[in-house]
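Thanks for coming. I have one structure to show today, and I will keep to a few places in it.

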Amino acid sequence: MTRDAPVPGSRVVLRYRLPDGSTPPFTDVIGILAASGTAVTVQPESGDPVTVPAERIVALKALAPRPVRNSEIRGLESAAADAWPGLEQEWIGGWLLRAGAGVTRRGNSASPLRPDASAVDLPAVAAWYRDRDLQPSLSLPDRLLRAPAGWSLSAEALVLTLPIPSSTGPDTDTDTDTERIAAPDDRWLAHHPRYRHRPDLLTAVHDGVVTFLRRGDTAVARAAVTASPTGRRWVGITAVATRPDERRRGHGSAVCAEAMRWGADHGATHAYVQVEVDNDEARSLYERLGFTEHHRYRYASPEGVTAPG
């Protein structure tokens with residue numbers, strides 16, 4: 001590959017030579033570049049990945065990212081809400097409200113997951129949280145709803161996605177150094193001590209399945225498979241952590257790959273991660289794996305109120 005060649009995770013068009021005698025002699029595939037080298041693998045938006053030996057490639061060009069529709073943002077956010085539902089959920093208008101003992105903004109915020117979500121319902125939303133001794137918080141994906149008057153925005157977070165590469169699909173071997181466990185144990189929780197007394201926040205999932213990955217005492221992650229309203233099955237990878245003295249040695253990549261492999265075993269075709277914009281180390285990890293930006297979101301709190309951490 002040349003210096004300016006597309007990198008894994010890019011949206012590309014691949015033109016390649018068909019077997020001798022084919023009419024036409026060439027064909028194209030558009031999708032996400034999953035791997036390159038002696039062969040190139042492209043994952044189309046639907047269907048199986050296409051792998052082509054380098055000698056049959058006529059052209060490989062990067063394309064601009066495909067525009068993401070509002071319905072796709074809403075669908076992925078719905079799957080992500082089911083994957084991290086907190087301990088209590090309720091609908092008010094078009095808002096899905098989640099409460100989880102005040103631990104994490106994600107599990108203690110309201111999301112506008114239906115098209116009819118509007119600021120009209122916010123007094124009732126705020127009262128619902130205050131009834132539970134929680135500060136009201138909104139999770140606002142870009143383009144779905146603007147921050148309402150009287151609410152302050154926090155820093156942006158990214159949602160990055162990746163069609164699960166064939167190299168981590170259900171027919172590939174598991175990583176024998178990464179263990180899957182049904183619930184977080186003390187060794188796993190050592191990486192995330194704030195959940196030590198509330199592991200139920202980690203094991204909670206709505207209409208899906210969850211597992212925990214542990215690579216010795218070095219790295220951990222949580223993975224949950226849920227479906228969007230359109231039926232696409234996603235594996236959400238969260239709580240990725242590597243012991244500081246073991247970073248940059250591939251352990252984080254390994255637990256993420258195993259999470260995608262487990263997700264594929266449970267019918268997931270795509271993976272997503274959520275990361276704060278200024279978390280350069282995490283963003284670098286996910287981008288090396290081929291994840292690309294799907295959309296962004298911000299949390300909003302009533303002015304003068306600090307949202308959950």
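I will go through the sheet pairing, then one helix, and then some backbone details.

A word on the source before that: this is a predicted model.

Let me begin with the open sheet. Five strands form it, in the order 4-3-2-1-5, and the pairing is antiparallel. At the edges are strand 4, residues 50–53, and strand 5, residues 57–62, each of which pairs on one side only. On average, neighbouring strands here are turned by 40° against each other, ignoring direction.

Within that sheet, look at strand 1 and strand 2. They are antiparallel and share seven bridges. One pair to pick out is Arg 15, which stands opposite Asp 28 in strand 2. The loop between these two strands, that is between 11–17 and 26–35, holds Pro 24. The peptide bond leading into Pro 24 from Thr 23 is cis, and its omega is near -5°.

Next, strand 11, residues 157–163. How many of its seven residues are buried? Seven of the seven, so to speak of this strand as mostly covered is fair by the under 20% cut-off on relative accessible area. In a regular strand, side chains alternate between the two faces of the sheet. In strand 11 both faces are covered: Ala 157, Val 159, Thr 161 and Pro 163 lie on one side, Leu 158, Leu 160 and Leu 162 on the other, and all are buried.

Strand 11 also has two pairings to show. Strand 16, residues 270–276, runs antiparallel to strand 11 and is joined to it by seven bridges; there, Leu 160 has Val 273 as its bridge partner. Strand 17, residues 292–302, is likewise antiparallel to strand 11, with five bridges, and Ala 157 is partnered by Tyr 297.

Now helix 1, residues 70–83. What span should its 14 residues have at 1.5 Å a residue? The expected value is 20 Å, and the end C-alpha atoms are 20 Å apart, which agrees. Of those 14 residues, 12 are buried. Among the buried ones are charged residues, including Glu 72, Arg 74, Glu 77 and Asp 82.

Asp 82 deserves a closer look. Asp 82 is buried but has no salt bridge, and the nearest side chain of opposite charge, Arg 98, is 8.1 Å away. For a salt bridge, the nitrogen would have to be within 4 Å of a carboxyl oxygen. Apart from neighbours within four places in sequence, Asp 82 is in contact with Val 205, His 206, Thr 226 and Ala 227.

On to the hairpin of strand 6 and strand 7. The two strands run antiparallel, and five bridges join them. Trp 91 is bridged to Leu 96 in strand 7. Two residues lie between the strands, and Gly 93 takes a positive phi near 60° in this hairpin.

Two residues other than glycine also have positive phi. Thr 104 has a phi near 75°, and its place is the loop between strand 7, 95–99, and strand 8, 110–112. Asp 133 has a phi of about 60° and sits in the loop between helix 2, 122–130, and strand 9, 138–141.

Are these two buried or exposed? Thr 104 is buried because its relative accessible area, 7%, is under 20%. Asp 133 is at 74%, over 50%, and therefore counts as exposed.

That is the end of my list.

Technical notes: Residues numbered from 1 in each chain as written. Predicted model: local features only at pLDDT ≥ 70, side-chain atom pairs only at ≥ 80, totals over all residues. Heavy atoms only, no water. Helix = DSSP H or I, 4+ residues; strand = E, 2+ residues; numbered from the N terminus. Buried < 20%, exposed > 50% of the residue type's maximum accessible area, 1.4 Å probe, protein only. Pairing = 2+ DSSP bridges. Axes fitted to C-alpha atoms, helices over the stretch in contact; angles between N-to-C directions. Contact = heavy atoms within 4.5 Å. Expected span 1.5 Å × (residues − 1).
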